[in-house]
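User: Please take me through this model in questions and answers, keeping each step of the reasoning visible.

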Amino acid sequence: MTFDRLAARARTLPPIVADLLVVAVVGVLTTADAAVNEPGYRQANALTWALLVVSLAALACRRRWPVPVVCVTGAACAGWALHGHIGELLNLPVIVALYTVAVLGDRRRTLWTGVIAATVSGAVALKVGRDVVNPQGLPVLEMVWPLVPLLLGEVVRTRRELLAEYAARAVRAEEDREREAARRVRRERARVAREIHDILAHTVSAMTVQAGVALDALDTAPEVSRQAMTQVRASGKEAVRELRATLSVLRAAQSTAPAPRLDQLDELVAGVAGVEAGGVRVSLRRDTGDAALSAVVEATAYRIVQEALTNVVKHSAARHAAVSVTRDATRLTVEVVDDGPPVRPPAVPPADRGFGLIGMRERAVAVGGGVTYGPVPGGGFRVRAELPTEGAAS
């Protein structure tokens with residue numbers, strides 16, 4: 001733990017300060033070894049100290065020019081050996097330089113540096129081996145020692161690269177999680193927006209027509225007016241209930257209201273049929289069989305019918321609308337057709353139109369289906385959706 005703390009503190013030092021500390025430590029150890037030589041061998045002189053100064057001065061630039069520093073310190077080490085100095089720490093400057101080459105370079109540079117350093121070291125050992133006390137095996141050992149700092153530098157550099165890669169992967173994973181969370185938020189917002197649009201567009205449109213019927217029949221047919229206002233109140237209560245259930249999602253609360261199902265189409269059509277006095281009649285044909293459907297498919301089909309009927313009430317002059325929901329082996333087909341006049345698209349589409357059709361398409365695509373819509377030859381408008389009956393929940 002003490003070594004780890006010291007290493008962590010050393011990494012926080014400015015590079016120039018760290019380099020000067022390394023030069024100081026290497027200088028103290030190398031100077032002590034050069035000053036005391038074995039009896040019978042050459043003692044320190046002016047050339048010894050000159051080589052030491054050159055080695056330490058070069059070592060201070062090891063980060064900027066690692067390969068030239070290896071050449072300078074290696075030449076100084078060879079000069080000591082050829083001059084007759086014997087010492088265990090005289091090669092310390094070149095050891096630090098070789099480590100720097102490996103830790104700041106790449107594997108190819110390390111390999112070439114190792115081959116050249118081992119060759120030069122072996123050649124110097126052969127030259128001065130006769131004057132060493134125990135020359136047996138010396139050239140081989142002298143060829144091996146330059147490889148040790150290079151190997152250590154490779155290990156350290158590889159570990160740093162792995163740690164950097166792990167850190168980059170962690171950053172990428174965090175970014176992916178954030179993007180996925182943002183995507184889910186956008187998808188949930190779009191779903192809530194579609195729900196609110198379906199509820200408000202359908203209910204408010206029906207309430208507007210029913211209120212108009214009540215206003216027109218207020219003096220001449222009070223019972224019709226009362227019935228229409230009763231329907232307005234019921235529609236308003238239902239809209240408030242559905243809005244509360246939908247908005248609870250935005251409060252991070254789990255909605256307790258069940259999703260709309262196909263067996264509620266009768267109530268939906270009945271609510272729209274309440275505007276018959278205003279001129280729209282709705283018929284329903286449902287043939288979905290006895291097998292259960294996915295809840296999300298049923299909810300999607302319900303919302304598509306709801307939006308299509310809302311468009312009939314708001315945008316068409318139709319007097320009749322037909323709703324058909326049928327099922328075969330692999331798909332559920334939803335079709336809403338009205339008998340309005342031929343549709344002539346305006347030259348400049350209003351800014352507030354088209355969101356309902358977009359919402360229907362998004363709902364169908366979300367469960368793996370699709371929606372087509374367009375004018376019917378001879379007059380009217382058709383909305384047709386095909387939804388899968390299997391695997392839609394996934």
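**Surface, helices and salt bridges**

Analyst: In this predicted model, Leu13, Ile16, Val17, Leu20 and Leu21 make a nonpolar surface patch of about 430 Å².

User: Where is leucine 21 found, and what is its relative accessible area?

Analyst: Leucine 21 is one of the residues that make the nonpolar surface patch, and it is found in helix 2, residues 15-35. Buried means under 20% relative accessible area and exposed over 50%. Leucine 21 is partly exposed, because its relative accessible area is 47%.

User: How many helices and strands does the chain have, and what percentage of its residues count as buried?

Analyst: The secondary structure of the chain comes to 12 helices and five strands. Among contacts with a separation of 6 or more, residues 24 or more positions apart account for 71%. The accessible surface comes to about 23300 Å², with 61% of it belonging to carbon and sulfur atoms. Of the 394 residues, the share that counts as buried is 37%.

User: Which residues of helix 3 are exposed on the side away from the buried ones?

Analyst: The buried residues of helix 3 are Thr48, Leu51, Leu52, Ser55, Leu56, Ala58 and Leu59. They cover an arc of only 160° around the axis, which puts them on the same side of helix 3. What covers these buried residues includes helix 2, helix 4 and helix 5. On the other side of helix 3, the exposed residues are Ala46 and Val53.

User: How far apart are the end C-alpha atoms of helix 4, and what span should its residues have?

Analyst: Helix 4 runs over residues 66-83 and has 18 residues, which at 1.5 Å a residue should span 26 Å. The distance between its end C-alpha atoms agrees with that expectation, as it comes to 25 Å.

User: Which helices are included in what covers the buried residues of helix 4, and which residue just after helix 4 takes a positive phi?

Analyst: The buried residues of helix 4 include Val69, Val70, Cys77 and Trp80. Their cover includes helix 2, helix 3, helix 5 (92-104) and helix 6 (107-128). Just after helix 4, a positive phi of about 105° is taken by glycine 84.

User: Which residues does glutamate 142 touch, leaving out those up to four places away in sequence?

Analyst: Glutamate 142 is found in helix 7, residues 138-144, and counts as partly exposed at 26% relative accessibility. Its C-alpha atom is 9.0 Å from that of alanine 123, although the two residues are 19 apart in sequence. Not counting residues up to four places away in sequence, glutamate 142 touches Ser121 and Ala125.

User: Is leucine 262 buried or exposed, and which residues is it in contact with beyond four places in sequence?

Analyst: Leucine 262 is found in the loop between helix 9 (222-247) and helix 10 (265-273), and it counts as buried because its relative accessibility is 4%. The C-alpha atoms of leucine 262 and valine 297 are separated by 9.3 Å, with their positions 35 residues apart along the chain. Leaving aside neighbours within four places in sequence, leucine 262 is in contact with Arg286, Thr288, Leu293, Glu298, Ala301, Tyr302, Val325 and Leu332.

User: What is the relative accessible area of arginine 157, whose side chain meets that of glutamate 161 in a salt bridge?

Analyst: The side chains of glutamate 161 and arginine 157 meet at 3.2 Å, N to O. Both residues lie in helix 8 (residues 147-216), four residues apart, or about one turn of the helix. Glutamate 161 counts as partly exposed at 45%, whereas arginine 157 is buried, with a relative accessible area of 6%.

User: What separates glutamate 223 and arginine 226 along helix 9?

Analyst: The side chains of glutamate 223 and arginine 226 meet in a salt bridge at 2.7 Å, N to O. Glutamate 223 is exposed at 58%, while arginine 226 counts as partly exposed at 48%. Because they are three residues apart in helix 9, their separation is about one helical turn.

User: How many residues apart in sequence are the parts that arginine 261 and glutamate 298 tie together?

Analyst: The side chains of arginine 261 and glutamate 298 meet in a salt bridge at 3.0 Å, N to O. Arginine 261 lies in the loop between helix 9 and helix 10 and glutamate 298 in helix 11 (residues 295-315), so the pair ties together parts whose separation in sequence is 37 residues.

Notes:
Residues numbered from 1 in each chain as written. Predicted model: local features only at pLDDT ≥ 70, side-chain atom pairs only at ≥ 80, totals over all residues. Heavy atoms only, no water. Patch = residues over 30% accessible without salt bridge, like charges linked within 9 Å, V, L, I, M, F, W, Y side chains within 5 Å. Areas by Shrake-Rupley, 256 points an atom, 1.4 Å probe, with all protein chains shown as cover. Salt bridge = Lys/Arg side-chain N within 4 Å of Asp/Glu carboxyl O. Helix = DSSP H or I, 4+ residues; strand = E, 2+ residues; numbered from the N terminus. Buried < 20%, exposed > 50% of the residue type's maximum accessible area, 1.4 Å probe, protein only. Expected span 1.5 Å × (residues − 1). Contact = heavy atoms within 4.5 Å. Arc of directions from axis to C-beta.
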